[in-house]
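Dear colleague,

Please find below the structure for your consideration. My notes on it follow directly after.

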Amino acid sequence: MSSQRSDHDVVIVGGGTAGCVLAARLSKDPGTRVLLLEAGSATLPEAVAYPPAWPSLAASEAGWGDATVVQQSSGAPVPLPRGRGLGGSSAINAMVFARGHHTSYDSWSEHGAKGWTYDDLLPYFERSETATSGAPGRGTEGPLTVGPARHPNEILLSCLDGAVENGHRRALDISGGLEEGFAPVDLNIVAGRRQSAADAYLAPALERPNLDVVTGATAHRLLFDGTRCVGVEYGVDGSTRTATAAGEVVLTAGTIGSALLLQRSGVGAEDDLRQAGVDVFHRLPGVGHNLHDHPRANLVYEAQQPVPTPRNNHGEILGLLRSTEDVDGPDTQIIFIDIPLPNPVAPVQNGFSIGISPMRPISRGSLRISSADPYAAPVIDPRYFTAEQDVRVVLSGIATARRIAGSAALAGWGVKEISPGLDTVDEEALAQYVRRYFGSYCHPVGTCLLGEDEMSVVDSELRVHGLEGLRIADGSVIPSIPSNNTNATVYAIAERAADLLRRS
Ligand SMILES: Cc1cc2nc3c(=O)[nH]c(=O)nc-3n(C[C@H](O)[C@H](O)[C@H](O)COP(=O)(O)OP(=O)(O)OC[C@H]3O[C@@H](n4cnc5c(N)ncnc54)[C@H](O)[C@@H]3O)c2cc1C
């Protein structure tokens, strides 16, 4: 195989947030022939562009429809949406654009990763964005145009006032990674429409003759010549094809997709592969392990006054705070949501919600293939809330959220907590509510962790340990989840990966 001429220099697997960045950045050099393979479609539902419609997208053809196995904490499976199609999860997500708080990147070196602190990532954060806020330290020339909602929903502004009334800091730029407190967060919305990675990065590059994009192409397995990855076998329209790379194969199939592709190719923990009937090609015990996510519990409120019709992403304002004075950075996010979410107590017609999520969860789980079949559903087990500390952090956030909801700033709306309801005050009853009725915040990371130890999968330059010609550059490499939503961090990782590939 290595003696054949490859059609491409770089083959990128997965056209989501990271894949679109890499396809655009690498094909900028006309001498680099780039192939982008994406399992989903190039044409997504019209609702993708309309920000308030995002909650409907996960169940459309733009989503994979995954769910976890039954969770020990809740006794039920938890839906775990991820995007499918050009733009990937950036095409169906909630459009919050925020760097993690800088303190949360300090733990990235725990597995030995070198050069991945907040300061190291800063040039890449800046490179990805044009921040309309003009806040210090933000990018001014990047492909993504990001900024806070110009006219946030009035109910959310009252929540912000309520937070300040309760002594919380009014942050200037909660998306920049340096502040704590409450503020309108930046959004991936431009002139009222979603801006996905495909819109911002890929679309302007599509005409380049050295960039090929194949959609409807599911990568089945990686191809090796000795320990060198030389290409990818993929399925499209019922036939099986091969793509070869003269340079490198880069996995950007996401936290779920990249680990599954490694496992199907015989790269992973021996037990996981054997259980699925796959021969071990290269032993890497960390593949699929260290899976973690932000779980989120919600308080749901009814309002007497009509809540204005949502115009943006429903979650225009959020806060980052500490659950106790002992932590060295924010470990809790509180997000104000301008719709009453479905809840276990009673349907609410007119109201809003407050979401509370532990930003530095300790619970860790795993992901594995169920068989060698590339179309078989995976076994996803994040083990949400198996660490009791994660529940305690949410309980602290609930106490704060309730104080905000009870503030004078919200009194004029005629607010009443419906779920769980103010009669649920006992700490254990509240803990039960959290464990039973949380959902995923859809930020899974960590299945191909970055580092230099036994459990790490990629080294500090994103190369898969023990193999050549293979890198991973998406949310899967994140060793521990940043304190905020994850997309901005994935953009930065991909921007950095483009630099690493260009240098090699
Ligand atoms: C519903 C939802 C809401 C979210 N809200 C926010 C938010 O508001 N703010 C935020 O910061 N983050 C949010 N996130 C998370 C954020 O979007 C992700 O962290 C980020 O997009 C991950 O980027 P990625 O490149 O790692 O993976 P993805 O963007 O998921 O891209 C992976 C791509 O690979 C493709 N793929 C997978 N397997 C294969 C295969 N075998 N062959 C070929 N292609 C394959 C997929 O179809 C997909 O297009 C949300 C996510 C979801 C799902």
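Which residue has a backbone N or O atom that lies 2.9 Å from a nitrogen atom of the ligand? That residue is Ala219.

This is a predicted model, in which local features need pLDDT of at least 70 and side-chain atom pairs count only at pLDDT 80 or more, while totals for chains, interfaces and linings use all residues. Residues are numbered from 1 along each chain as its sequence is written, and side-chain values use heavy atoms, with hydrogens and water left out.

The ligand is surrounded by 37 residues (a heavy atom within 4 Å of it); the closest are Thr17, Glu38, Ser89, Val96 and Asn487. A side-chain N or O atom of Asn93 is 3.1 Å from a ligand oxygen, and a polar backbone atom of Ala94 is 3.0 Å from a ligand nitrogen.

Asp338 sits in the loop between strand E18 (332–337) and strand E19 (351–358); strands are DSSP runs of at least two residues, numbered from the N terminus. Asp338 is buried (under 20% relative accessible area, 1.4 Å probe, protein chains only). Asp338 nevertheless has no salt bridge (a side-chain nitrogen of Lys or Arg within 4 Å of a carboxyl oxygen of Asp or Glu); the nearest side chain of opposite charge, Arg311, is 7.3 Å away. Its side chain instead makes polar contacts (N or O pairs within 3.5 Å, one able to donate a hydrogen and the other to accept it) with the side chains of His314, at 2.9 Å, and Asn153, at 3.2 Å.

Kind regards

Note on methods. Helix = DSSP H or I, 4+ residues; strand = E, 2+ residues; numbered from the N terminus. Buried < 20%, exposed > 50% of the residue type's maximum accessible area, 1.4 Å probe, protein only. Lys, Arg positive; Asp, Glu negative; His and termini not counted.
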